[in-house]
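These notes are offered as numbered points for a colleague who has the coordinates open. Each point can be checked against the model on its own.

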Amino acid sequence: MFDWSSLAAAFLLGLFSSAHCVGMCGGIMGALSMAIPNHAKTRRWWILLCYNLGRVVSYGLIGLLAGAMANELAQWGASVWLRWLAGLLLIAMGLYLADWWRGLVYLETAGRYLWAYIQPLGKSLMPVDSVVKASLLGLVWGWLPCGLVYSALAFAMAKGQGINSGLLMVAFGLGTLPSVLATGVAAQQLGKLLRNPRVRWPLALSIVLFGLWTIWGGGHSGHDHSHHGNAAEGSHSPGAAHDHSGMDHTQMNHGQMDHSKMDHEHMHHGATGAEQGATSGSEAASSAAGHEHNHH
C-alpha cells in the first residue's frame with residue numbers, strides 16, 4: 001500500500017524549495033510569457049500551464065526509471081544506503097537554498113553532460129506558439145540539470161520503488177507548480193520575496209530538517225519486510241505440521257506429563273495410526289487362525 005505521508009512530503013519539498021525553481025525556470029517562463037501578445041492573456045496562461053504540466057510529466061517518467069533502478073538495488077540490500085543518500089542530498093539542498101554551502105553546483109555540473117544531448121530538442125521547438133509545443137518543451141526541460149530535482153529523485157528512490165517513485169516525483173513537480181507559474185507573470189516581485197533571508201532561511205532549514213528526518217527513517221516506507229514475513233511463516237505458522245518422527249518416545253516419562261492440557265486435535269498421529277493399524281491387523285489374523293483351528 002502506498003504511503004500517503006511520503007506523497008505529501010514530496011509535495012511540500014517542491015513547495016518549500018520554490019526559491020530554486022525561480023532561478024532555474026524563471027528565465028524560460030518569462031520568455032514564454034513575453035512572447036505572447038498582451039491581448040491574448042488566455043492563450044498565455046494555457047501555454048504556461050501546458051509547459052509546466054509537461055515538466056511534471058517528465059519528472060514522473062524520470063521517477064519511474066529511478067524506481068526501477070531502486071527496485072534492483074533493494075534486492076541487494078541497498079535500501080538503507082538510498083535513504084542516507086536522499087537525506088544527505090536534502091541537507092545539501094537546504095544549505096544551497098540558504099546560500100551557506102553550494103556543493104550541489106558540482107552535482108548539477110555533472111548532469112550537464114546529458115543535457116548537452118537533450119537541449120537541442122528544446123531549441124527545435126522555438127518559438128513556442130502553441131500548447132503542443134509548450135507541452136513538448138516542458139517534457140524536454142524536465143531533464144534540465146537541477147540539484148533540487150536530483151535531491152527529490154533520491155528521496156523518491158528511498159521511499160518507494162517502481163510506480164511509487166514516479167508518483168512521488170509527480171507530487172514534487174506539482175509542489176513547484178504554483179511558484180513557477182507565478183514566476184511567468186510576476187518574476188521580479190516573487191524573486192525579490194524569495195531572496196529575502198527572512199523567507200529563504202526558514203524554508204532552507206525546513207529542508208535540512210526534512211533531510212535529517214529521512215536519514216532517521218521517517219515514514220519507514222520503502223523498506224522490504226518480505227523476508228521477515230517468510231521467516232515468520234516458516235517458523236510460526238499455526239497450520240504447519242510438526243514432525244516428531246526423530247523423537248525417542250521411550251525416553252519420555254509419560255507419568256509426569258499433564259495430558260489434560262494437550263491439544264490432541266492438532267497432533268500428528270499419522271505414524272502412530274499406521275502402527276496401531278498394523279497391530280490390529282495382526283491380532284485379527286491371529287484370532288481368525290484360532291477360530292479355524294477350533295473349528296477343525
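Is Lys133 buried, partly exposed or exposed? At 26% relative accessibility, Lys133 counts as partly exposed, and the points below, which concern a predicted model, return to this residue when the salt bridges are discussed.

1. Overall make-up. The protein has twelve helices and zero strands, so that a reading along the sequence gives the pattern α-α-α-α-α-α-α-α-α-α-α-α. Of the 296 residues in the protein, 39% are buried. The accessible surface comes to about 17700 Å², and carbon and sulfur atoms account for 65% of that surface. Among the contacts between residues at least 6 apart in sequence, 81% join residues that are at least 24 apart.

2. The largest nonpolar core. This core holds 35 residues, and the members that touch the most others are Met93, Phe155, Met169 and Phe172. Two or more residues each are given to it by helix H1 (4-16), helix H3 (41-75), helix H4 (79-97), helix H7 (147-159), helix H8 (163-185) and helix H10 (197-216). The largest share, nine residues, comes from H7. Separate from this set there is a second core of 19 residues, including Leu48, Trp115, Ile118 and Ala134.

3. The buried side of H6. Helix H6 spans residues 131-141, and in this helix Ala134, Leu137, Gly138, Val140 and Trp141 are buried. These five residues lie on the same side of H6, because they cover an arc of only 160° around the axis. As general background, an α-helix has 3.6 residues a turn, so residues three or four places apart point the same way. Ala134 links this point to the previous one, since the second, separate core includes Ala134 among its members.

4. Two positions in H3. Asn52 is found in helix H3 and is buried, with a relative accessible area of 0%. If residues up to four places away in sequence are set aside, Asn52 touches Met29, Leu177, Val180 and Leu181. Asn52 and Ser135 are 83 residues apart in sequence, and their C-alpha atoms are 7.5 Å apart in space. Val57 also lies in helix H3, but this residue is partly exposed, with a relative accessible area of 45%. Between Val57 and Val170 the separation is 113 residues in sequence and 6.7 Å in space, taken from C-alpha to C-alpha.

5. Salt bridges. Side chains of opposite charge can pair when their charged atoms come close. Under the 4 Å cut-off between a side-chain nitrogen of Lys or Arg and a carboxyl oxygen of Asp or Glu, the count comes to two salt bridges. In one of them the side chains of Asp99 and Arg102 meet, with an N to O distance of 3.3 Å; Asp99 is partly exposed at a relative accessible area of 45%, and Arg102 is likewise partly exposed at 42%. In the other, Asp129 pairs with Lys133, the closest N and O atoms being 3.6 Å apart. Asp129 is partly exposed, with a relative accessible area of 39%, and Lys133, at 26%, also counts as partly exposed.

6. Backbone details worth a look. Which residues does a cis peptide bond join? The bond lies between Met126 and Pro127, with omega at about -5°, and Pro127 is found in the loop between helix H5 (104-123) and H6. Asp99, a partner in the salt bridge with Arg102, has a phi near 65°, which is a positive value in a residue other than glycine. The place of Asp99 is in the loop between H4 and H5. For context, most residues other than glycine have a negative phi, and most peptide bonds are trans.

7. Cysteines. How many disulfides does the structure hold? The structure holds zero disulfides. Cys50 is buried, with a relative accessible area of 13%, and Cys146, at 8% relative accessibility, counts as buried too.

Methods:
Residues are numbered from 1 along each chain as its sequence is written. This is a predicted model: local features need pLDDT of at least 70, side-chain atom pairs count only at pLDDT 80 or more; totals for chains, interfaces and linings use all residues. Side-chain values use heavy atoms; hydrogens and water are left out. Buried means under 20% relative accessible area, exposed over 50%, partly exposed in between (1.4 Å probe, protein chains only). Helices (H or I, at least four residues) and strands (E, at least two) are DSSP runs, numbered from the N terminus. The arc is that of the directions from the helix axis to the C-beta atoms. A disulfide is a pair of cysteine sulfur atoms within 2.5 Å. Contact means heavy atoms within 4.5 Å. Accessible areas come from the Shrake-Rupley method with a 1.4 Å probe; for residues, only the protein chains shown count as cover. A nonpolar core is a set of buried Ala, Val, Leu, Ile, Met, Phe, Trp, Tyr and Cys residues joined through side-chain atoms within 4.5 Å.
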